[in-house]
Amino acid sequence: MLTAEKRQISSARVAVPLLLFISLIFFQANASADIKKKEADEYRAQGYAEQQKGHFGIAFGWYAKALALGASDAALFNDMGVVSEQLGFLDRAEGYYLQAIQQDEKYLPAYTNLACLYKTVGNLNAAGMYFKKRYELSA
């Protein structure tokens, strides 16, 4: 009986530090993820500020940094599409707008931007389809 008690105490001595260590790892991973998200948000904000100044190449660089940190929301892809379009990379812009829609099917600016892009390049059927889809989603 005394041996069983010693084993329980010995097991507790191993289990408690192990549980603390595991908790610390999960806490650190969550804190690191929060820091990365905050940094990505800051990069996106810097990109948007440069975009507003008409510095589309610089804006794209900031957006790419945000993407590299794991940011992948519809607004970021839409912004990347806008600056790509302004830089003349229409195929790339189309891809980013489609990624924005894939990330959030209810993100309306991507539908509008994609429809306008298709209108600009003369693809009126696709433009009409995305304008219609945008209208349906807003109703």
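What should the 13 residues of helix H5 (residues 108-120) span at 1.5 Å a residue, and how far apart are its end C-alpha atoms? In this predicted model, the expected span of H5 is 18 Å and the end C-alpha atoms lie 19 Å apart, which agrees. Helix H3 gives a matching picture of its own: its 13 residues should span 18 Å, and its end C-alpha atoms are indeed 18 Å apart.

Turning to burial, H5 tucks away Leu 108, Ala 110, Tyr 111, Leu 114, Ala 115, Leu 117 and Tyr 118. The cover over these buried residues includes H3, helix H4 (90-103) and helix H6 (124-138). After H5 comes Gly 122, with a positive phi near 90 degrees.

H3 itself is mostly covered, with 11 of its 13 residues buried. Among them are Ala 74, Ala 75, Asn 78, Gly 81 and Val 82. Gly 88, just after H3, also has a positive phi, about 90 degrees.

H3 (residues 74-86) also packs on helix H2 (residues 56-68), at an angle of about 150 degrees and with the axes 9 Å apart. The two helices are therefore roughly antiparallel, an angle over 145 degrees being what that takes. Their crossing is left-handed. On the H2 side, the contact is made by Phe 56, Ala 59, Phe 60, Tyr 63, Ala 64, Ala 66 and Leu 67; H3 brings Leu 76, Phe 77, Asp 79, Met 80, Val 83, Ser 84 and Gln 86. By type, the contact residues come to 11 nonpolar, two polar and one charged. Several of the H3 contact residues are also buried, including Leu 76, Phe 77, Met 80 and Val 83.

Notes: Residues numbered from 1 in each chain as written. Predicted model: local features only at pLDDT ≥ 70, side-chain atom pairs only at ≥ 80, totals over all residues. Heavy atoms only, no water. Axes fitted to C-alpha atoms, helices over the stretch in contact; angles between N-to-C directions. Helix = DSSP H or I, 4+ residues; strand = E, 2+ residues; numbered from the N terminus. Parallel < 35°, antiparallel > 145°, perpendicular 65-115°, else oblique. Left-handed = near helix turned anticlockwise from the far one by under 90°. Contact = heavy atoms within 4.5 Å. Nonpolar A, V, L, I, M, F, W, Y, C, P; charged D, E, K, R; others polar. Expected span 1.5 Å × (residues − 1). Buried < 20%, exposed > 50% of the residue type's maximum accessible area, 1.4 Å probe, protein only.
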